[in-house]
Every structure is written in C-alpha cells, then in structure tokens.
Amino acid sequence: MDLLKKLSELSGAPGREEGVREFIKTQVEGLADEVHTDVMGNLICRKRPTTGSGDSERVMIACHMDEIAFYVRRIDEDGFIRVQNLGGFDTRNLFARRVRIETREGDEIIGNLNPGGKPIHLLSEKERKEIPKIHDFFVDTGLDEEELRRRVRPGDPVTLVQDFVEMGALVSGKSLDNRAACWVGIRLLEALKETAYDVHVVFTVQEEVGLRGARTSGFEVDPDIAIAIDVTLAVDTPGVGPEEQVTELGKGAAIKVMDSSTVSHKELVDAFVELAEGREIPHQYEVLPLGGTDAGALQRVRAGSKAITLSIPTRYIHTVTETLHRGDLRATVELLAAFLDTEDR
Ligand SMILES: [Zn+2]
C-alpha cells in the first residue's frame, strides 16, 4: 500500500492538482502508448488496442485527482488566514485540523484550522449547540502579519494534513476520495496487457467543484464507453439502520446502478455483474440517492456515451479518516481489467 500512501498524502486542491499529476506521471511511465496533459490539467493516458479489427470502441476511465480543500481568501490584520472552501465539507469534522498552505515560492507553511469563537469552557449551554459555518474557520500559522503577507497570497491552496495508516484489512487517510481511484487507474495500466478497446485512463481535475475536468477531457476522448472510478458511501457503521446502507466494506467493487448525476447504462451494469459473477470477483450493487461522479459529465459529453461508475466503498467520506478495504480496491482493478481484456472474455 506504499503507492496509495503516497497518493493519499499528496496535496491536490481543485485547480491545483499539479503535484498529484506529476507523481502519477512517474508511475505510469512506460505503461501507456501516449501520455499528455490537456489545457485544464487532465492527465490522459492512452493504451491502443492490441487485438481486434482496428475499429475499436473508445473507453474512457476517469479517476479524479483533486480533493476537497480551501484557497486563501484574505489575511487579517492580526495575522489569521481566512479561507474559501472548494467542495463540500461537514464543518463538524473541521475542528482542530492541521493544514498545509502551498505558497507561490513552492514551499509550504503548516497551520492549524479552527472556527472563530470562544473555547468550550467559556460557552453557554445554547452556544454549545451551534455548529459553525464554513466561513467561520481560520488558519493560525504562528507567523506575523508581515511575514504572512510576504509569503502567502489569496489563491494559495490550503489542504488538510493526515498520515495514511493501515489498520488490519483496512486503510485510512485523507483524500482517498479520490486517490483510491488514482491507485486503481495506475494498477489497471500495469495489469492491462491485451485489449481490443482503445483505452484512455484519464486522471481528471476539478471533480469536486462540478465534474469540470471530465467535461473537457471527455470532449477530447469522445468515448463510446465511459467508466468513472470513485469512492462511495459505505454507511455500515453504528447509528445507521440497514435500510440506509449504500455499500459495505469488504464486500467487493460496487457496481453503480444510479446516483443523482447518472443512471448507469443498463448494458454496462449487466455486463459488469455478469463478468463479476462469472469470474467470482467480489462485487455489490450501489444505489446512491445523492451525489455524483465524473460519469455524470461523461454520459452527456458530445452526443453521449454509455456510462457507469465503479465505486470503492468508503467510510467517513470527506473527512481525513476516509477508510476502505484493500480487498475492494483489488476487486475494482480485477473487474476493470476483466472488462477490458478481451483475450479471456
Ligand atoms: Zn470523489
């Protein structure tokens, strides 16, 4: 899990994915026939068909590189940094967080993120019940205003810091949404020897702010079949009834039927289920009432594509303790490779 650890601990705010992209480039070297970065920053890795008649269907596999994060909004007179969020944070999970600011000089400044207001010891009964808003949060770097203004400017990315750890069969860390999929994309390129498809594994940008990178890279690739790889809610923990469960850790790759951005193409749902059953690859169905993936953009690119998402069940999504099962990761690679590898299909 060294590769996933490295991916997880990298910083990649929406629009500032360059660190993640440069790292992935080093990992995919020699695994694809063509690799290029488009104008928005999507990394497009193409593997040409090795078998078939030459009239191959194009498959695009989208793995977003960005993570929910902040940008510096302004610096207060007393040297505190105010931030703008990119993507959906639950503010209850943002108290007492360590963050990293990437400066334009290329160095980083560590700070603490907390909401404004009094410590709990001084709060009234009523005040204790109030949940702070995202704009109440600020970063304390310990640096004085003058030094801060010299080194930091509005627009510098601010990302959460957390070590990646292995816990039994599970792994946990920040940004597994969606570095887990980046891991899948890299491992897939390693595993894929023969294919009759024209495969494009695309590491996309700005998914968390509205599937933006998928839109432009999808236009370029113009896929017949689009497969987004992303994490999905597990909801298999205390306090939630089985009727609210979406997926379960350790039960395999989740074949998405629908979410609020896409209804997966029926042919693809059937093909993946049949393949998983036939090969005995652990799998489960996913019906997600809310939320979406890059598949939402890819399904409607140009004249449309057959689209689906394969998901990796994950607990505590959009916190720094995102947790998933390594068996589910392997099952996702296996299922994708089986789909693309027509040799033994
Ligand atoms: Zn995601």
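**Reading a predicted model: cores, a zinc site and unusual backbone angles**

The largest nonpolar core in this predicted model has 57 residues, and I24, I61, F203, I227 and I229 are those with the most contacts inside it.

Reader: What makes a set of residues a nonpolar core, and which residues does I61 contact?

Author: The set must consist of buried residues of nonpolar kinds such as Ile, Val, Leu and Phe, joined through side-chain atoms within 4.5 Å. Leaving aside neighbours within four places in sequence, I61 is in contact with L188, V199, H200, V201, V202, I227, I229, L336 and L340. There is also a second, separate core of 20 residues, which includes I68, V72, I81 and L94. In soluble globular proteins, nonpolar side chains tend to be buried together.

Reader: Why is V158 called buried?

Author: Buried means a relative accessible area under 20%, and V158, at 0% relative accessibility, therefore counts as buried. V158 lies in strand β9, which covers residues 157-160, and, apart from neighbours within four places in sequence, V158 is in contact with A69, F70, Y71, V72, V83, V99, R100, I101 and V139. Buried residues make up 52% of the 345 residues in the chain.

Reader: How do you know which atoms are donors of the zinc ion?

Author: A donor here is an N, O or S atom within 2.8 Å of the metal, and the protein donors of the zinc ion, lying 2.0 to 2.8 Å from it, are NE2 of H64, an OD atom of D177 and two entries for OD of D230. Water is not among the atoms, so the site may look incomplete.

Reader: Why is the arrangement around the zinc ion called irregular?

Author: Four donors count as tetrahedral if all angles lie between 85 and 135 degrees, and as square planar if opposite donors are over 155 degrees apart and all others between 65 and 115. The 4 donor atoms subtend angles of 50 to 144°, so the arrangement is irregular.

Reader: What makes H64 and D177 a link between separate parts of the chain?

Author: The donor residues are spaced H-x112-D-x52-D in sequence. Because H64 lies in strand β3 (residues 58-64) and D177 in helix α5 (residues 176-191), the pair ties together parts that are 113 residues apart in sequence. By the cut-off of under 20%, H64 counts as buried at 1% relative accessibility, and D177 also counts as buried, at 6%.

Reader: What kind of peptide bond joins D177 and N178?

Author: The bond joining D177 and N178 is cis, with omega at about 20°, and N178 is found in helix α5. Most peptide bonds are trans, and most residues other than glycine have a negative phi. Phi of V235, in contrast, is positive, near 50°, and V235 is found in the loop between β13 (225-233) and β14 (253-258). Phi of Y316 is also positive, near 60°, and Y316 lies in the loop between β16 (306-314) and β17 (322-325).

Reader: Why is Y316 called partly exposed?

Author: Partly exposed covers what falls between the buried limit of 20% and the exposed limit of 50%, so Y316, with a relative accessible area of 41%, is partly exposed.

Reader: How do you know that the chain is as compact as a globular protein of its length?

Author: The secondary structure of the chain comes to 9 helices and 17 strands. Its radius of gyration is 21 Å, close to the 20 Å that the globule rule gives for 345 residues, so the chain is as compact as a globular protein of that length.

Definitions and conventions: Residues are numbered from 1 along each chain as its sequence is written. This is a predicted model: local features need pLDDT of at least 70, side-chain atom pairs count only at pLDDT 80 or more; totals for chains, interfaces and linings use all residues. Side-chain values use heavy atoms; hydrogens and water are left out. Donors are N, O and S atoms within 2.8 Å of the metal (3.2 Å for Na, K and Ca); water is not among the atoms, so sites may look incomplete. Four donors count as tetrahedral if all angles lie between 85 and 135 degrees; four count as square planar and six as octahedral if opposite donors are over 155 degrees apart and all others between 65 and 115; anything else is irregular. Helices (H or I, at least four residues) and strands (E, at least two) are DSSP runs, numbered from the N terminus. Buried means under 20% relative accessible area, exposed over 50%, partly exposed in between (1.4 Å probe, protein chains only). Contact means heavy atoms within 4.5 Å. The radius of gyration is taken over C-alpha atoms; the globule rule is 2.2 Å times the number of residues to the power 0.38.
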